[in-house]
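Reader: I'd like to learn how to read helix packing and residue environments from a set of coordinates. Can we go through one case together?

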Amino acid sequence: MAVTRAGPVDAALTDLADLLARSSSESRASRFLTGTSRTPGPRFVRRLLDVPGGGALLARVGGEAVGHAMWAPVPGRETDEGPAVEVALLVRDDHHRRGVGARLLDELGAWLLEVGVLRVRVTTLASNAGVLALVRRDAPDASIVRDGPELTFTLDLHRVVARRSH
């Protein structure tokens with residue numbers, strides 16, 4: 001599996017559009033917290049790769065995109081420790097439980113520490129068992145806020161990276 005930083009170049013746009021098209025409506029709803037079209041428009045796909053103040057990663061297996069991760073600053077959420085960012089992740093259904101999400105998160109964590117980010121915010125649906133298990137395992141001390149069906153976790157990135165490396 002290859003994980004690379006991705007921007008809004010033609011190949012990445014095509015790969016991400018294909019990833020979205022080959023992901024189930026449940027996976028897309030878990031990622032975007034709402035329903036999305038199986039064939040999103042080019043502007044939508046571009047926004048997932050051209051992230052102001054943030055960045056995106058693509059995971060490929062055999063040349064096909066099987067995962068996408070991104071991070072973006074949370075406006076107005078500067079802390080004494082630096083910027084707060086949100087992260088998001090999508091793994092194609094046929095690649096769940098194959099280490100794609102873990103690899104994307106490891107690469108994303110390293111990138112965020114590289115640019116000085118210490119706190120990460122993750123918002124997910126309370127029904128997203130995969131994310132909930134990940135947070136319980138890697139960030140059991142994360143703060144949590146519930147808003148209806150959504151849960152928002154704030155994680156200390158140094159602690160998460162330390163747990164993941166052991």
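Reader: Let's start with helix 4 and helix 6: at what angle do they pack, and how far apart are their axes?

Author: The general idea first: a pair of packed helices is described by two things, the angle between the axes and the distance between them. In this predicted model, helix 4 covers residues 100–114 and helix 6 covers residues 157–164. They pack at an angle of about 135°, and their axes are 10 Å apart.

Reader: What word describes how helix 4 and helix 6 lie to each other?

Author: Oblique. Angles over 145 degrees count as roughly antiparallel and 65 to 115 as roughly perpendicular, and the angle here is about 135°, so helix 4 and helix 6 are oblique to each other. The crossing has a hand as well: helix 4 passes helix 6 in a left-handed way.

Reader: Which residues in helix 4 and helix 6 meet?

Author: On the helix 4 side you have Ala 102, Asp 106, Gly 109, Leu 112 and Leu 113. They meet Leu 157, His 158, Val 161 and Arg 164 in helix 6. Sorted by class, this contact holds five nonpolar, two polar and two charged residues.

Reader: Now helix 5 and helix 6. At what angle do they cross?

Author: Roughly 90°, and the axes come within 9 Å. Helix 5 spans residues 129–138. That crossing angle makes helix 5 roughly perpendicular to helix 6.

Reader: Which residues make the contact, on helix 5 and on helix 6?

Author: Helix 5 brings Leu 134, Arg 137 and Asp 138, while helix 6 brings Arg 159, Val 160, Arg 163 and Arg 164. By class, that contact of helix 5 with helix 6 divides into two nonpolar, no polar and five charged residues. Arg 164 is worth marking on your screen: it is listed in the contact with helix 4 and in the one with helix 5.

Reader: Zooming out, how many helices and strands does the chain have?

Author: Six helices and seven strands. Walk along the sequence and you get β-α-α-α-β-β-β-α-β-α-β-β-α. The radius of gyration is 15 Å, close to the 15 Å from the globule rule for 166 residues, so the chain is as compact as a globular protein of that length. If you want box dimensions, the C-alpha trace spans about 40 × 35 × 30 Å along its principal axes.

Reader: What share of the residues is buried?

Author: Buried residues are 41% of the 166 in the chain. You can also look at contacts by sequence separation. Taking contacts with a separation of 6 or more, 62% of them involve residues 24 or more positions apart.

Reader: Let's try single residues. Is Leu 132 buried or exposed?

Author: Buried means under 20% relative accessible area, and Leu 132 is at 11%, so it counts as buried. Leu 132 sits in helix 5. Setting aside neighbours within four places in sequence, Leu 132 is in contact with Thr 124, Ala 126, Leu 151 and Phe 153. For one of those, Leu 151, the C-alpha atom is 9.3 Å from that of Leu 132, and the two are 19 residues apart along the chain.

Reader: And what about Ser 30: where is it?

Author: In helix 2. Ser 30 has a relative accessible area of 25%, so it is partly exposed. Beyond neighbours within four places in sequence, Ser 30 is in contact with Leu 125 and Asn 128. The C-alpha atoms of Ser 30 and Asn 128 are separated by 6.6 Å, with their positions 98 residues apart along the chain.

Reader: Which residues does Arg 103 touch?

Author: Met 1 and Val 3, not counting residues up to four places away in sequence. Arg 103 lies in helix 4, and its relative accessible area of 30% makes Arg 103 partly exposed.

Reader: One on backbone torsions, then. What is phi of Arg 97?

Author: Near 60°, which is a positive value in a residue other than glycine. Arg 97 is found in the loop between strand 4 (84–91) and helix 4. At 83% relative accessibility, Arg 97 counts as exposed.

Key. Residues are numbered from 1 along each chain as its sequence is written. This is a predicted model: local features need pLDDT of at least 70, side-chain atom pairs count only at pLDDT 80 or more; totals for chains, interfaces and linings use all residues. Side-chain values use heavy atoms; hydrogens and water are left out. Axes are lines fitted to C-alpha atoms, for helices over the stretch in contact, and angles run from 0 to 180 degrees between N-to-C directions. Helices (H or I, at least four residues) and strands (E, at least two) are DSSP runs, numbered from the N terminus. Angles under 35 degrees count as roughly parallel, over 145 as roughly antiparallel, 65 to 115 as roughly perpendicular and the rest as oblique. A crossing is left-handed if the near helix is turned anticlockwise from the far one by less than a right angle, and right-handed if clockwise. Contact means heavy atoms within 4.5 Å. Ala, Val, Leu, Ile, Met, Phe, Trp, Tyr, Cys and Pro count as nonpolar, Asp, Glu, Lys and Arg as charged, and the others, Gly among them, as polar. The radius of gyration is taken over C-alpha atoms; the globule rule is 2.2 Å times the number of residues to the power 0.38. Buried means under 20% relative accessible area, exposed over 50%, partly exposed in between (1.4 Å probe, protein chains only).
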